[in-house]
Amino acid sequence: MPIKQAAMKALRQTKKRTVANRAVKERIKDTAKKIKKFVADKKLDDAKKLVPMFSKIVDKAGKRHVIAKNRASRLKSWAMRQVNKIAK
């Protein structure tokens, strides 16, 4: 347990940020799973509707440094490739 006041505050901030970041990462994972499921079931319309929402979530996470910007870019690319795979 930290002794200094500043260290205590830093610990509180870290806990708060960890919870928020974890929630964002879970949302990314859940949406990616939904896209995978729609692709596996060949539900093109549902997958296409989900991709813009997924891109928005990933972009915000990249902007706020929850995930790296390059990872955000790779995830968006992956989602589009998945949808295009069943569109053919």
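**A bent helix at the centre of a three-helix chain**

In this predicted model, helix H2 bends by about 25° at Val51, and a proline, Pro52, follows within four residues. The helix covers residues 44–63, and its 20 residues reach 29 Å from the first C-alpha to the last. That span is close to the 28 Å expected at 1.5 Å a residue. Just beyond the helix, H2 is followed by His65, which has a positive phi, near 65°.

It is worth looking next at what H2 packs against. Its buried residues are Ala47, Leu50, Val51, Phe54, Ser55, Ile57, Val58, Ala61 and Gly62; Val51, where the bend falls, is thus one of the buried set. An α-helix has 3.6 residues a turn, so residues three or four places apart point the same way. The partners of these buried residues are helix H1 (5–40) and helix H3 (69–87).

The packing can be followed into the largest nonpolar core, which has 20 residues. Within this core, Ile28, Ile35, Phe54, Val58, Ile67, Leu75 and Ala79 touch the most other members. Two or more residues come from each of H1, H2 and H3, and H2 gives the most, with 7 residues. Leu75 offers a handy view of this arrangement: leaving aside residues up to four places away in sequence, Leu75 touches Ile28, Phe54, Val58 and Ile67.

A polar residue of helix H1, Thr31, also deserves a look. Thr31 counts as buried because its relative accessibility is 5%, where the cut-off for buried is under 20%. The side chain of Thr31 reaches the backbone oxygen of Arg27 at 2.7 Å. Not counting residues up to four places away in sequence, Thr31 touches Leu50, Met53, Phe54 and Ile57. Of these contacts of Thr31, Leu50, Phe54 and Ile57 are among the buried residues of H2.

Stepping back to the whole chain, the secondary structure comes to 3 helices and 0 strands, running α-α-α from the N terminus on. The radius of gyration is 17 Å, well over the 12 Å that the globule rule gives for 88 residues, so the chain is more spread out than a compact globule. Along the principal axes, the C-alpha atoms fill a box of roughly 60 × 20 × 15 Å. Of the 88 residues, 27% count as buried. Among contacts with a separation of 6 or more, 56% are between residues 24 or more positions apart.

Terms used
Residues numbered from 1 in each chain as written. Predicted model: local features only at pLDDT ≥ 70, side-chain atom pairs only at ≥ 80, totals over all residues. Heavy atoms only, no water. Expected span 1.5 Å × (residues − 1). Bend = angle between axes of the 7 residues up to and from the residue. Buried < 20%, exposed > 50% of the residue type's maximum accessible area, 1.4 Å probe, protein only. Contact = heavy atoms within 4.5 Å. Core = buried A, V, L, I, M, F, W, Y, C linked by side-chain atoms within 4.5 Å. Polar contact = N/O pair within 3.5 Å; in protein donor to acceptor, adjacent residues only side chain to side chain. Rg over C-alpha atoms; globule rule 2.2 N^0.38 Å.
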